[in-house]
Amino acid sequence: MHLHDADFAGPRMAPDRFLVPSPSSVPPSFHLQPPPDSTMSNTPPVHDADLSHIPPRDKAELLSQALPYIRKYHGKTIVIKYGGNAMTDPALQQDFAEDVVLLKLVGLNPVVVHGGGPQIEDALNKLGKKGHFIQGMRVTDAETMSVVEWVLAGEVQQDIVGLINAAGGKAVGLTGRDGGMIRAKQLKILDKDDPAKEHDIGQVGDIVSIDPSVVKALQDDQFIPVISPIGFGESNESYNINADVVAAKLATVLQAEKLLMLTNIRGVLDKQGELLVELTPRRIDELVADGTISGGMIPKIAGAIDAAKSGVNAVHIIDGRVPHAMLLEILSEKAFGTMIRSH
Ligand code: ADP
Ligand code: MG
């Protein structure tokens, strides 16, 4: 299984928390219904940004529900992998930025790691650069790598920084080069039929180590780090690393309380397209072996298991198409998506 695909582009503990809140206390529009796709198709979610129809008492109830979570997570680090549709839809981008600012203002320490496979794809297409793929992974030559760097660090990251700042936060964009954060080396790809044979796919990286000191310094100073998944090698060369893998490793080295991976699907689905609310490493191995988990979900789930095993308390893959999914996941009793357990 290939854990990295740089160009590819949960529910909670107690079972009762899988249930939506009692119908009497929360208006129907606030129930986090997953988008109505029972398959892996990507039906856009229904937007429900207008909360004016919610009676004040219900709003107050939702706010007071947040108090125990604010207390629990105060001062704690939450690593958020930002990707999928939540990153391309303008309304969802706005929600995301506001949620990050709110979390910071109530005392949590959000750290954002962003993806950008589709944006890189677009840029390369516009430049007329024909992709060469080996086992589904783009061969990243020097020219491709410079496009990757300007798209991720120049465009995608700066857009996110701008949105967070416009929402009242103080975001700072970083790549893995800043503060010597992410050391990387070339990812080795073994031939799927002949494991003795290795493929060279260029500047696609594997993490060697992460030094989180720059992130810690920014956090302590009220800033919100926004990190592009680019590492540097021994000869100062750049590497494009899968953002899920970076988010997971960063959550581990920061000893984050939570790792949230926002994606473009409800969570991990089984063969029938049903949401799996909870997964253990053993079950994940089975699902990868029989092909139920494939493509971009593979590095995501591999990173999720690593983080869970390394002591990150809560690891969730959630639907970034649901407005304010992240905020509700952290600060309310609602649970959705897939939670990954270490055992
Ligand atoms: P992201 O931007 O979140 O990294 P990816 O496209 O890399 O998005 O990964 C999410 C995709 O993984 C889903 O859209 C889906 O097509 C694919 N996928 C493969 N297997 C599964 C599975 N078992 N459950 C859910 N998604 C899966
Ligand atoms: Mg991906």
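## Helix 3 against helix 4

Let's start with a helix pair in this predicted model. Helix 3 (residues 117-126) and helix 4 (residues 142-166) have axes that come within 10 Å and cross at roughly 125°. An angle over 145 degrees would count as roughly antiparallel and 65 to 115 as roughly perpendicular, so helix 3 and helix 4 end up oblique to each other. Their crossing is right-handed.

Who does the touching? On the helix 3 side you'll find Gln119, Ile120, Ala123 and Leu124, while helix 4 brings Thr144, Val147, Val148, Trp150, Val151, Leu152 and Val156. Sorted by class, that contact of helix 3 with helix 4 comes to 9 nonpolar and 2 polar residues, with no charged ones.

## Helix 2 against helix 4

Helix 4 also meets helix 2, which spans 90-105. Here the axes of helix 2 and helix 4 come within 8 Å, crossing at roughly 60°. That makes helix 2 and helix 4 oblique, because angles under 35 degrees count as roughly parallel and 65 to 115 as roughly perpendicular. The crossing of helix 2 and helix 4 is right-handed.

From helix 2, the contact uses Gln93, Gln94, Phe96, Ala97, Val100 and Val101; from helix 4, it uses Ile160, Leu163 and Ile164. The class split for helix 2 with helix 4 is 7 nonpolar, 2 polar and no charged residues.

## Helix 6 alongside helix 8

Next up are helix 6 (residues 243-253) and helix 8 (residues 297-309), whose axes come within 8 Å and cross at roughly 5°. With the cut-off for roughly parallel set at under 35 degrees, helix 6 and helix 8 are therefore roughly parallel to each other.

Helix 6 makes this contact through Asp244, Val245, Ala248 and Thr252, and helix 8 answers with Pro299, Lys300, Gly303, Ala304, Asp306 and Ala307. Charged residues do show up here: the contact of helix 6 with helix 8 divides into 5 nonpolar, 2 polar and 3 charged.

## The largest cavity

Now for the empty space. Rolling a probe the size of a water molecule over the atoms shows where such space is left. The largest cavity holds about 70 Å³. Its lining is made of Ala86, Leu92, Asp95, Phe96, Asp99, Leu262, Gly320, Val322, His324, Ala325 and Met326.

Which helix gives the most to the lining of the largest cavity? Helix 2 does, with 4 residues. Helix 2 and helix 9 (325-331) each supply at least two residues of that lining. Phe96 is worth a second look in the viewer: Phe96 lines the largest cavity, and Phe96 of helix 2 is also part of the contact with helix 4. By class, the cavity lining has 7 nonpolar, 2 polar and 2 charged residues.

## Two loop residues with positive phi

Finally, a bit of backbone. Most residues other than glycine have a negative phi. Glutamine 222 isn't a glycine, but has a positive phi of about 70°. Look for glutamine 222 in the loop between helix 5 (213-220) and strand 10 (224-228).

Where does asparagine 236 lie? Asparagine 236 sits in the loop between strand 11 (230-232) and strand 12 (238-240). Asparagine 236, also not a glycine, has a positive phi of about 70°.

Conventions: Residues are numbered from 1 along each chain as its sequence is written. Chains are lettered from A and ligands numbered from 1 in the order in which they are written. This is a predicted model: local features need pLDDT of at least 70, side-chain atom pairs count only at pLDDT 80 or more; totals for chains, interfaces and linings use all residues. Side-chain values use heavy atoms; hydrogens and water are left out. Axes are lines fitted to C-alpha atoms, for helices over the stretch in contact, and angles run from 0 to 180 degrees between N-to-C directions. A crossing is left-handed if the near helix is turned anticlockwise from the far one by less than a right angle, and right-handed if clockwise. Contact means heavy atoms within 4.5 Å. Ala, Val, Leu, Ile, Met, Phe, Trp, Tyr, Cys and Pro count as nonpolar, Asp, Glu, Lys and Arg as charged, and the others, Gly among them, as polar. On a 1 Å grid over the protein atoms alone, a cavity is a set of points where a 1.4 Å probe fits but cannot get out, and a pocket is an open set with protein on both sides within 12 Å along at least five of seven lines; lining residues have an atom within 4 Å of a point. Grid points are joined across faces, edges and corners, and a volume is the space filled by probe spheres set on the points.
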